[in-house]
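Biologist: I would like to go through this model and ask what stands behind each label. Please set the values against the cut-offs as you go.

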Amino acid sequence: MNASGFLRVLAVDDEPPALDELAYHLRADPRVARLLTAGDATEALRLLRDGDVDVVFLDIRMPGLDGMELARVLRRFARPPAIVFVTAYDDGAVDAFDLGATDYVRKPVRADRLAESLRRVIGSRVVPSHPAALARAEEDPTIPIELAGTTRMLPRSAVRWVEAQGDYARLHTAEGSHLVRVSLATLAERWADAGFVRVHRSYLVQLKLIAELRLVNSGYVVVIDSTELPVSRRHTRELKDKLVRAAKQDWNR
């Protein structure tokens, strides 16, 4: 953020009408002090070489270096800008949260939706830059979810368990559930280091939240938030071992 407290913004889109519309709404927001525009990733990198920006509003599907690839480049900057993806598609949402995007906005853009994105950017830029704070942010990434036509960023730590629904996954939290376009297998691989374990071909759970492992007539179930979830035979032994190891670690602290 610049000295006056307003944002320096770069908007990147290879389609001139979409870029013009995005730029129009951003210029109209009083929090934007300076707006740069680029028609592709090469031009964006040239502009970034000449000066820092606080946030990049970035289209995903572009010729040459696309938005996801550009975002990966930006993450390696010494002072990386916040990233807000602006796209007509929702199939990049999972990769967006993996890249630490601040927001994910669907086209056609609306002024109120961009205003919400800017609010999130400001909130993300004023958090302490202490290494411990940065580490916590890395440890708790967010995943985009759709709520009444608006994309929100849900912290992974809010997810209690995950249920497979075809090629989608339903994330269960204390407040409700959210359907996201990502497979359970993908989340199981990406979230293993965060304590999520596969207990069934249709269920992924946060190990530390398991209240009980109970034997019933048809086999084992785990209990999370008073909800019973089945444990398949192939996952039973591994789950027991992980619960024992977790208990030992707790006792040794």
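Modeller: This is a predicted model. Leaving aside neighbours within four places in sequence, Asp-59 is in contact with Val-12, Asp-13, Asp-14, Gly-67, Val-86, Thr-87 and Lys-107.

Biologist: What makes these residues contacts of Asp-59?

Modeller: The cut-off is heavy atoms within 4.5 Å, and the seven names, Lys-107 among them, are in contact with Asp-59 on that basis.

Biologist: Why is Asp-59 called buried?

Modeller: Its relative accessible area is 5%. Buried means under 20%, so Asp-59 counts as buried.

Biologist: Where is Asp-59 found, and what does UniProt list for it?

Modeller: Asp-59 is in the loop between strand E3 (55-58) and helix H3 (67-75). An unreviewed UniProt entry lists it as "modified residue: 4-aspartylphosphate". Such annotations may be inferred rather than shown by experiment.

Biologist: How do you know that the buried residues of helix H2 line one face?

Modeller: In H2 (residues 41-50), Ala-41, Ala-44, Leu-47 and Leu-48 are buried. Seen down the helix axis, the buried residues fall within an arc of 120°, so they line one face of H2. The spacing fits the general rule: an α-helix has 3.6 residues a turn, so residues three or four places apart point the same way.

Biologist: What covers that face, and which residues are exposed on the other side?

Modeller: The cover over the buried residues of H2 includes strand E1 (7-12), strand E2 (32-38) and H3. On the other side of H2, Thr-42, Arg-49 and Asp-50 are exposed, a label that needs over 50% relative accessible area.

Biologist: What makes the approach of Asp-40 to Thr-42 a polar contact?

Modeller: At the start of H2, a side-chain oxygen of Asp-40 comes to within 3.2 Å of the backbone nitrogen of Thr-42. The cut-off for a pair of N or O atoms is 3.5 Å, so this pair meets the distance condition.

Biologist: Why are strands E14 and E15 called paired?

Modeller: Pairing needs at least two bridges. E14 (residues 219-224) and E15 (residues 227-231) have five, in the antiparallel sense, so the term applies. One bridge joins Val-223 to Glu-228 in E15. The two strands form a hairpin with two residues between them, and Asp-225 in the turn has a positive phi of about 55°.

Biologist: How many helices and strands does the protein chain have?

Modeller: The chain has eight helices and 15 strands, and buried residues make up 42% of its 253 residues.

Technical notes: Residues are numbered from 1 along each chain as its sequence is written. This is a predicted model: local features need pLDDT of at least 70, side-chain atom pairs count only at pLDDT 80 or more; totals for chains, interfaces and linings use all residues. Side-chain values use heavy atoms; hydrogens and water are left out. Helices (H or I, at least four residues) and strands (E, at least two) are DSSP runs, numbered from the N terminus. Buried means under 20% relative accessible area, exposed over 50%, partly exposed in between (1.4 Å probe, protein chains only). The arc is that of the directions from the helix axis to the C-beta atoms. A polar contact is a pair of N or O atoms within 3.5 Å; within protein, one must be able to donate a hydrogen and the other to accept it, and residues adjacent in sequence count only if both atoms are side-chain atoms.
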